[in-house]
Every structure is written in C-alpha cells, then in structure tokens.
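The following exercises ask the reader to work through helix packing, burial and backbone geometry by inspection. Each task is followed by a solution in steps.

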Amino acid sequence: MKAQKLGITLIGVGLTALAVAAEPDTVTEGQRIFRFDTFGDEQIWTDKLGLHKVVEKSVDPTTALKVGLKVDADALPPGILEKADLKDPKTTVALLKLNAVVGLKAEVDAENHITRLGVTCALCHSTVDDSVKPGIGKRLDGWPNRDLNVGAIIALSPAVTAEQKKVYSSWGPGKYDPRYNQDGKNNPLVIPPAYGLAHVKNETYTAEGPISYWNAYVAVTQMGGQGNFSDPRLKIDVKHTPDLVTDKLPALKAYQHSLKAPTAAASSFDATAATRGKVTFNRTCATCHVSGNGTDNDSGKLHAPGDTGVDGAYAMRTANRAYRTTPLRGLQHHPPYFHDGSAKTLKDVVEHYNDQRKLELTPAQQADLVEYLKSL
C-alpha cells in the first residue's frame, strides 16, 4: 500500500496501551472506525492505483475469495447468495454497495459503477467464521486475515511497475511489508492479531510505540489516509489538512482494547498435558513471556535477533533494531509464527527454542509444552 506519513508526533507523548475504562459510546464509535473508516485513503486506492476500475471490471466474488477477501454474512439480504452469480464482477459491486466486503469501502453510483474505493483497518485485522461457506460468515474483528494476499491485490493495479509487481507478488497470503514503500527493501511480516491488546504496551514486532502509534503509522503511511504522522527516528514526517486520522485514534484504541483473545476450546488441546506443559513453560519461557500471555517488553526489554535465532533483516530497518517478545494470545488460531512466519506450527516454535536456548527438553516435554501453548 502506498505511503504517506502522519503529522502527529506520537513519540514520547506518554501514550500507553494499558487498559482504561472506555465509555460504551466510544467503543461503538471505535468499531465503526475500525470497520468502515478509510481515513480518506481513496486518494491512494482510487486516484493513484485505480483499483476501483480493476475491481468493477475484473474481480468477481470467486476471485475475491481466492485472494482472501471476506464477506460479512450479516450484511447480506436473505437468500442473496443463492441467486447471485459468483463469477460476475457485478456481484462484487453489489456486495460493496451493501458494505459486505470486509475491509473495503466503496461509493457506488446509480448506474452501479464504483466511483471511490478505499480500505479500512478490518481489511487485514478481521476475518469471518466461515459459517455460510469458506470466506463468508460473521465478522471476527481483531483476528488476522491470514488468507489475505495484500500483495496480489496491489499488483492488480495498472499504476504499479513491473519491479513493484514482482515484490508484491512475492509476499503471499497473510503477509505484508509495512516498510517497503518507505525504504524499498522487502521483508514481509505475518499480519498480527489485533485482539488481546489491553495489557500490551507496544503493539509492533519491534516495539516502536504503543497501539495508537501503530494505528497512526498504518493509517497514514500504509493505507494512505489523510492524517499527520511524525517519527524522527524513521525520518518520517507527514502532514495533511484536514487531518482525518488523529482525532479518531482514541476511539479506535478503545475498540481494539475491548477485543478479547479467543478462548481455546476444551476439545482443542490435551488439558492434562497442558498442565505439565505449563510447569515447563514457567521454568523455561516465562521470563520473557511474562505470566504466559504477557511480554517482558512491558518493562522495556528488547531482544537482539541473535538472542532469539530469528531473521534480523526486518529489525535492521526499524528504529530499535531488535524484536519485542510477542504476547502469546489465541495462539492456535493464527499460525504461522514469528514475525516472518518461519515457524509453521507450535511444534516448530518449541523445537526452535529448544535448540536456540539449549533447553534440553525431552520429546515428551516438548509435546506437553505445545499443548500448553494451544491452551492460551
């Protein structure tokens, strides 16, 4: 997604991601912003990338589902799917007119032409429960859309160069590089969950700042929203008039703080093994992953890539050049793991740290630890 920047200096202003009581109206407004507010980013997706024309002409619902777009079943009139031609782009336009495509916001005229198209926070950080069919169901806000191929969607634009298309096409489902349009380098990250954030201080892989910092960075420099963002450490300073982002950050944060991590179903893990695994976890992992689903970054700790044995290329492109310990929330629901998705399963995660940290866990202890992680 094309970059702009954001003229609100969020560095050192005392913003915190710790939970505060929010008025119900504020949370409701935050939900509206999360789901439907583009922050004026149509200037990228429509005016520069021309994706409104691509979608109207070439993207039928079947194609949309293949690139990971989701459809909100609650926004659909009864029986519409049985009647609709899922191979016709006109059906996609109709779904957009209903506000049914999660994370896309369109203006459609009386002749059913898309005149403006933008994206919202929900594009990457919501999915659906597949209760109607794969890709169609009730919204699950805060869940990372690990099916979404953002790069493939951007690569549809006629305004993208051949070299850019090559980069975008390399990302694959569930990954996105939030620095590519800033420094031209390419290290795509796994899209993280946006639930369970109420007690997490810094919600970035490299801990540049708290949740409102990241919301502002993404809204302005990635989505193309019309707002203000400034981070001298990254040499980013963007200002717009009017600023359509900054005043919305408190309500957006309140809604994200209200999104609890999903509870693991009792049938999804072995409770007896998980109890044993918790003992192993507390002995070998809890120093960094404080209290199971916390992070030592809340007390300011960062880890050099070499300490964790993960790729450091992305960290070297960031302000802190190190990684934050990831809070362990709803783990079984969002594989793959690590910032780059290099661990496909929780078993891979445990094996990685057993080798990297020389834990000398037996196969049985590793298996128990996996069951505990599944329970979080």
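The exercises below concern a predicted model.

**Exercise 1. Helix H12 and its burial**

Task: Determine how many of the 10 residues of H12 are buried, and name them.

Solution.
Step 1. A residue counts as buried when its relative accessible area is under 20%.
Step 2. Eight of the 10 residues of H12 are buried, and the helix is mostly covered.
Step 3. The buried residues are Leu249, Ala251, Leu252, Lys253, Ala254, Tyr255, Gln256 and His257.

**Exercise 2. The packing of H1 against H12**

Task: Classify the mutual orientation of H1 and H12, and describe their contact.

Solution.
Step 1. The axes of H1 (residues 24-36) and H12 cross at roughly 95° and come within 7 Å.
Step 2. Angles from 65 to 115 degrees count as roughly perpendicular, and H1 and H12 are therefore roughly perpendicular to each other.
Step 3. H1 contributes Thr26, Val27, Glu29, Gly30, Gln31, Ile33, Phe34 and Arg35 to the contact, while H12 contributes Ala251, Leu252, Ala254, Tyr255, Gln256 and Ser258.
Step 4. Sorted by class, the contact of H1 with H12 comprises seven nonpolar, five polar and two charged residues.

**Exercise 3. The packing of H11 against H12**

Task: State the angle between H11 and H12, the distance between their axes and the handedness of the crossing.

Solution.
Step 1. H11 (residues 211-222) and H12 (residues 249-258) pack at an angle of about 115°, and their axes are 10 Å apart.
Step 2. The crossing of H11 past H12 is right-handed.
Step 3. On the H11 side the contact involves Ile211, Ser212, Asn215 and Ala216; on the H12 side it involves Leu249, Leu252, Lys253, Gln256 and His257.
Step 4. The residues of the contact of H11 with H12 comprise four nonpolar, four polar and one charged.
Step 5. The spacing of such contact residues may be read against a general rule: an α-helix has 3.6 residues a turn, so residues three or four places apart point the same way.

**Exercise 4. Helix H16: length, burial and partner**

Task: Test whether the end-to-end span of H16 agrees with its number of residues, then identify what covers its buried residues.

Solution.
Step 1. H16 (residues 363-375) has 13 residues, which at 1.5 Å a residue should span 18 Å.
Step 2. The end C-alpha atoms of H16 are 19 Å apart, which agrees with the expected value.
Step 3. Gln366, Asp368, Leu369, Val370, Glu371, Tyr372 and Leu373 are the buried residues of H16.
Step 4. Their cover includes H13 (271-284) and H15 (346-356).
Step 5. H15 and H16 have axes 9 Å apart and pack at an angle of about 125°, which makes H15 oblique to H16.
Step 6. H15 passes H16 in a crossing that is right-handed.
Step 7. In this contact, Leu346, Lys347, Val350, Glu351 and Asn354 of H15 meet Gln366, Leu369, Val370, Leu373 and Lys374 of H16.
Step 8. The contact of H15 with H16 has five nonpolar, two polar and three charged residues.

**Exercise 5. Backbone exceptions**

Task: Locate the cis peptide bonds that precede proline 242 and proline 336, and the positive phi values of asparagine 112 and arginine 321.

Solution.
Step 1. Most residues other than glycine have a negative phi, and most peptide bonds are trans.
Step 2. The bond from threonine 241 to proline 242 is cis, with omega near 0°; proline 242 lies in the loop between S11 (236-238) and H12.
Step 3. The bond from proline 335 to proline 336 is also cis, with omega near 0°; proline 336 is in the loop between H14 (305-308) and H15.
Step 4. Asparagine 112 has a phi near 65° and lies in the loop between S3 (104-108) and S4 (114-119). At 41% relative accessibility, asparagine 112 counts as partly exposed.
Step 5. Arginine 321 has a phi of about 55° and is found in the loop between H14 and H15. With 48% relative accessibility, arginine 321 counts as partly exposed.

**Exercise 6. The surroundings of alanine 264**

Task: Decide whether alanine 264 is buried or exposed, and list its contacts beyond four places in sequence.

Solution.
Step 1. Alanine 264 lies in the loop between H12 and H13.
Step 2. At 13% relative accessibility, alanine 264 counts as buried.
Step 3. Beyond its neighbours within four places in sequence, alanine 264 is in contact with Phe269, Gln332, Lys374, Ser375 and Leu376.
Step 4. The C-alpha atoms of alanine 264 and leucine 331 are separated by 8.8 Å, and the two residues are 67 residues apart along the chain.

Note on methods:
Residues numbered from 1 in each chain as written. Predicted model: local features only at pLDDT ≥ 70, side-chain atom pairs only at ≥ 80, totals over all residues. Heavy atoms only, no water. Axes fitted to C-alpha atoms, helices over the stretch in contact; angles between N-to-C directions. Helix = DSSP H or I, 4+ residues; strand = E, 2+ residues; numbered from the N terminus. Left-handed = near helix turned anticlockwise from the far one by under 90°. Contact = heavy atoms within 4.5 Å. Nonpolar A, V, L, I, M, F, W, Y, C, P; charged D, E, K, R; others polar. Expected span 1.5 Å × (residues − 1). Buried < 20%, exposed > 50% of the residue type's maximum accessible area, 1.4 Å probe, protein only. Parallel < 35°, antiparallel > 145°, perpendicular 65-115°, else oblique.
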